[in-house]
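Reader: Please take me through one part of this model slowly. I would like to start with a helix and see what it rests on. Then show me the surroundings.

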Amino acid sequence: MSRPLIYGEVPPGLVEIPAGSLQISPLVPGSPILDGLAPETYAGLLMRAPANTLERRHEIGLALRALKPGAPVIALAAKDKGGTRLAKELTGFGLCVSANR
């Protein structure tokens, strides 16, 4: 199951969406539930992070648990929807962050 995960609707043109990605957003009917994903199974994460702080941290934590060690993570959020705090939160999860603005 070495597929990349996509959480949320990523605006077109911002980043390339990996082929064969698995949509895991709870807002997309039929998507798998994050806490039901097998640990250390998926090849990467592309996330449009939720605006709510608690929801964002919860969903990031669950998604990271499902990733293989060293898998790439791309997280996006508008500045007024948690984007200014996103790098600090990802660092708190132990990730090395490179911010592109």
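Author:
**Helix α1 and the sheet**

Helix α1, residues 53-66, lies across β1 (4-7), β3 and β4. Its direction makes an angle of about 165 degrees with that of β3. Keep in mind that this is a predicted model.

Start with the helix itself. Does its length fit its residue count? To find out, ask what span the 14 residues of α1 should have at 1.5 Å a residue. The expected span is 20 Å, and the end C-alpha atoms of α1 are 20 Å apart, so the two agree. The N-terminal end of α1 has a cap, N52. A side-chain oxygen of N52 lies 3.1 Å from the backbone nitrogen of L54.

Which residues of α1 are buried? They are R56, E59, I60, L62, A63, L64 and A66. Helix geometry helps in reading such a list. An α-helix has 3.6 residues a turn, so residues three or four places apart point the same way. Look for that spacing in the list: R56, E59 and A63 are among the buried residues. The buried residues of α1 pack against β1, β3 and β4, and also against α2.

Now turn to the sheet. It is open and has four strands, in the order β2-β1-β3-β4, with parallel pairing. β2 and β4 (73-76) stand at the edges. Each has a single partner strand, so one side of each is left without a neighbour in the sheet. Strands of a sheet pair through backbone hydrogen bonds, either parallel or antiparallel.

Take β3 (44-48) next. Four bridges join β1 to β3, and these strands run parallel. Here L5 stands opposite L45 in β3. Four bridges also join β3 to β4, again in parallel. Here L46 stands opposite I74 in β4. Is β3 enclosed or open to the outside? Four of its five residues are buried, so β3 is largely enclosed by the rest of the structure.

Follow β4 to L76, which is in that strand. Leaving out residues up to four places away in sequence, L76 touches V10, L14, V15, L46, M47, R48, A49 and L86. L46, M47 and R48 are among these contacts, and β3 covers 44-48. G44 is another matter: its C-alpha atom is 14 Å from that of L76, and the two residues are 32 apart along the chain.

The other edge strand is β2 (22-23). L22 lies in it. L22 has 14% relative accessibility. Buried means under 20%, so L22 counts as buried. R3 is 19 residues from L22 in sequence, yet their C-alpha atoms are 6.7 Å apart. Besides R3, the contacts of L22 include P4, L5, I6, P32 and Y42, with residues up to four places away not counted.

What holds the nonpolar side chains together in this picture? In soluble globular proteins, nonpolar side chains tend to be buried together. The largest nonpolar core here has 19 residues, and L5 and I24 touch the most other members. β1, β3, α1 and α2 (83-92) each give two or more residues to this core. α1 gives the most, with five residues. So back to I24: beyond its neighbours within four places in sequence, its contacts are L5, I6, Y7, S31, P32, L34, L37 and L45.

One of those contacts leads into a loop. S31 sits in the loop between β2 and β3. Its relative accessible area is 17%, so S31 is buried. Apart from neighbours within four places, S31 is in contact with Q23, I24 and S25. A polar atom of the S31 side chain lies 3.4 Å from the backbone oxygen of Q23.

E40 is in the loop between β2 and β3 too. Is E40 buried or exposed? With 53% relative accessibility, it counts as exposed. Its backbone deserves a look. Most residues other than glycine have a negative phi. Phi of E40 is near 50 degrees, a positive value in a residue other than glycine.

Terms used:
Residues numbered from 1 in each chain as written. Predicted model: local features only at pLDDT ≥ 70, side-chain atom pairs only at ≥ 80, totals over all residues. Heavy atoms only, no water. Buried < 20%, exposed > 50% of the residue type's maximum accessible area, 1.4 Å probe, protein only. Polar contact = N/O pair within 3.5 Å; in protein donor to acceptor, adjacent residues only side chain to side chain. Contact = heavy atoms within 4.5 Å. Pairing = 2+ DSSP bridges. Axes fitted to C-alpha atoms, helices over the stretch in contact; angles between N-to-C directions. Core = buried A, V, L, I, M, F, W, Y, C linked by side-chain atoms within 4.5 Å. Expected span 1.5 Å × (residues − 1).
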